[in-house]
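Please study the sequence and the structure shown below before attempting the exercises. Each task is followed by a worked solution.

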Amino acid sequence: MSTPAQDSTARVRATFEAIADDYDQSGVPFFAPTAQGLVDALAPAPGERALDIGCGRGAVTSLLARAVLPSGSLAAVDFSPAM
């Protein structure tokens, strides 16, 4: 039997699984500038290590990769595998 917390977690994951294909393609203009602002604030440098937790479809991840790779490393994870 699942707990209420497990049920909530499953519902949230299912929601993001359902919208993953179009998540950042919805015509909402804030994804790119928000991602750029986050990366600008971090000021990552070549050779550093970066971790993007809750990476979604990679708006921040791709910018981090450009900043730290190839001499650094980057890991990105999301709650929803489809994201």
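The exercises go from the overall chain to its strands and then to its core. The model is predicted: local features need pLDDT of at least 70, side-chain atom pairs count only at pLDDT 80 or more, and totals for chains, interfaces and linings use all residues. Residues are numbered from 1 along each chain as its sequence is written, and side-chain values use heavy atoms, with hydrogens and water left out.

**Exercise 1.** Determine the order of the elements in the protein chain and how spread out the chain is.

*Solution.* Begin with the inventory: the protein chain has three helices and two strands. Helices (H or I, at least four residues) and strands (E, at least two) are DSSP runs, numbered from the N terminus. Next, read them in that direction, which gives α-α-β-α-β. Then consider the radius of gyration, taken over C-alpha atoms, and the globule rule, 2.2 Å times the number of residues to the power 0.38. The radius is 15 Å, well over the 12 Å that the rule gives for 83 residues, so the chain is more spread out than a compact globule. Finally, the C-alpha trace spans about 45 × 30 × 20 Å along its principal axes.

**Exercise 2.** Describe how strands E1 and E2 pair and how the chain crosses between them.

*Solution.* First locate the strands: E1 covers residues 49–53 and E2 covers residues 73–77. They run parallel and are joined by five bridges; strands count as paired if DSSP finds at least two bridges between them. Within this pairing, Asp-52 stands opposite Ala-76 in E2. The chain passes from E1 through H3 to E2 in a right-handed β-α-β crossover. Right-handed means that, with the strands pointing away from the viewer, the path from the first strand over the helix to the second runs clockwise.

**Exercise 3.** Identify the residues of the largest nonpolar core and the helix that gives the most to this core.

*Solution.* A nonpolar core is a set of buried Ala, Val, Leu, Ile, Met, Phe, Trp, Tyr and Cys residues joined through side-chain atoms within 4.5 Å. The largest one consists of six residues: Ala-35, Val-39, Ala-50, Val-60, Leu-63 and Leu-64. Helices H2 (31–42) and H3 (59–68) each supply at least two of its residues, and H3 gives the most, with three.

**Exercise 4.** Establish whether Thr-61 is buried or exposed, and list the residues that Thr-61 touches.

*Solution.* Thr-61 lies in helix H3. Buried means under 20% relative accessible area, exposed over 50%, and partly exposed in between (1.4 Å probe, protein chains only). Thr-61 has a value of 14%, and therefore it is buried. Contact means heavy atoms within 4.5 Å. Not counting residues up to four places away in sequence, Thr-61 touches Asp-52, Cys-55, Leu-74 and Ala-76.
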